[in-house]
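Reader: I am new to this structure and would be grateful for a close look at one part of it. Please take a pair of helices that meet, and explain how they are arranged.

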Amino acid sequence: MRSARLMKVFVTRRIPPEGRALLAGAADCEVEQWDSDEPIPRKELERGVAGAHGLLCLLTEQVDRTLLDAAGANLKVISTMSVGVDHLALDEIKKRGIRVGYTPDVLTDATAELAVSLLLTTCRRLPEAIEEVKNGGWTAWKPLWMCGHGLTQSTVGIIGLGRIGQAIARRLKPFGVQRFLYSGRQPRPQEAAEFQAEFVPTSYLAAESDFIVVSCSLTPATKGLCNKDFFQRMKNTAVLVNISRGDVVNQDDLYQALASGQIAAAGLDVTTPEPLPTNHPLLTLKNCVILPHIGSATHGTRNTMSLLASNNLLAGLRGEPMPSELKL
């Protein structure tokens with residue numbers, strides 16, 4: 001029988017070893033974990049969270065009113081192993097006085113590296129080129145065959161100049177980018193100074209940029225931001241990259257823009273839904289590169305994320321300051 005002195009913790013997935021070891025060594029907690037790399041079924045999630053004092057979850061779990069009701073009054077801390085929190089019903093969580101931990105900063109570099117990799121892969125048509133080598137399409141050197149678009153002397157627009165947006169700009173600058181534009185809720189002059197980046201309306205950014213990187217948070221204001229009107233403003237030589245959340249881009253409108261040649265190419269690390277069905281129209285396009293949401297997927301980053309998420313959880317349960325608490 002569980003001692004009344006132990007706090008019940010439920011972990012919704014098999015997390016990397018450093019975080020797992022930290023939780024296992026917490027003498028004041030009884031930890032139950034969904035022992036799989038696959039997402040936990042909703043019924044199992046509701047069962048597991050019942051009576052829990054702390055919940056460690058991933059961005060794949062919708063922590064809504066129903067789940068909070070299933071957890072009950074004991075729940076004091078939610079720690080998500082993500083920087084995004086759009087899967088959490090924050091208003092409801094705040095009403096119940098539940099503290100929230102998240103994992104910003106630690107995945108900034110890995111996600112920025114992936115964004116640059118995806119941009120280069122897309123604009124230089126690398127998947128197409130690799131396929132031509134494999135299928136015998138590579139015959140002889142041709143002046144215009146497999147030509148893509150280069151970064152030198154280009155204009156790059158960044159939607160969302162937060163930590164990740166800045167890290168992306170910092171990595172792109174040495175490629176010879178001539179001009180950086182950015183849009184967002186408000187100007188960020190101190191952060192923008194490093195890149196001489198100009199704060200502009202999103203419509204202007206769409207029209208002027210050769211490359212557009214979406215790195216904003218998903219909010220009601222950004223949902224569907226990249227839509228038909230946005231794509232019509234873009235240059236037909238421009239490339240769009242999204243590493244934020246799938247819902248920021250209207251995928252039906254993106255398909256039409258890519259298929260018609262309205263824009264040159266797109267690279268997505270995030271989609272709606274995830275995983276994207278294998279028969280989705282976007283997967284039929286040569287000028288669309290889609291990755292399976294691997295922005296933070298380095299061994300070091302995922303371990304650090306799990307450690308921070310576990311530390312947030314334990315600190316919150318013990319009434320201590322969290323290393324990274326989301327202020328509600």
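Author: The answer below concerns one helix pair and then the domains of the protein. The model is predicted, so local features need pLDDT of at least 70 and side-chain atom pairs count only at pLDDT 80 or more, while totals for chains, interfaces and linings use all residues. Residues are numbered from 1 along each chain as its sequence is written, and side-chain values use heavy atoms, with hydrogens and water left out.

The pair consists of helix α5 (residues 108-123) and helix α7 (residues 163-172), whose axes come within 9 Å and cross at roughly 50°. Helices here are DSSP runs of H or I with at least four residues, numbered from the N terminus. Axes are lines fitted to C-alpha atoms over the stretch in contact, and angles run from 0 to 180 degrees between N-to-C directions. α5 and α7 are therefore oblique to each other, a term for angles that are not under 35 degrees (roughly parallel), over 145 (roughly antiparallel) or 65 to 115 (roughly perpendicular).

Contact means heavy atoms within 4.5 Å. On the α5 side, the residues that meet α7 are Thr108, Asp109, Thr111, Ala112, Glu113, Ala115, Val116 and Leu119. Their partners in α7 are Arg163, Ile164, Ala167, Ile168, Arg171 and Leu172.

As for the wider setting, the protein is divided into domain 1 (7-105 + 299-326) and domain 2 (107-290), with bounds from an automatic or database domain assignment. The domain centres, taken over C-alpha atoms, are separated by 32 Å. Nine residues of domain 1 are in contact with six residues of domain 2.

Key. Helices (H or I, at least four residues) and strands (E, at least two) are DSSP runs, numbered from the N terminus.
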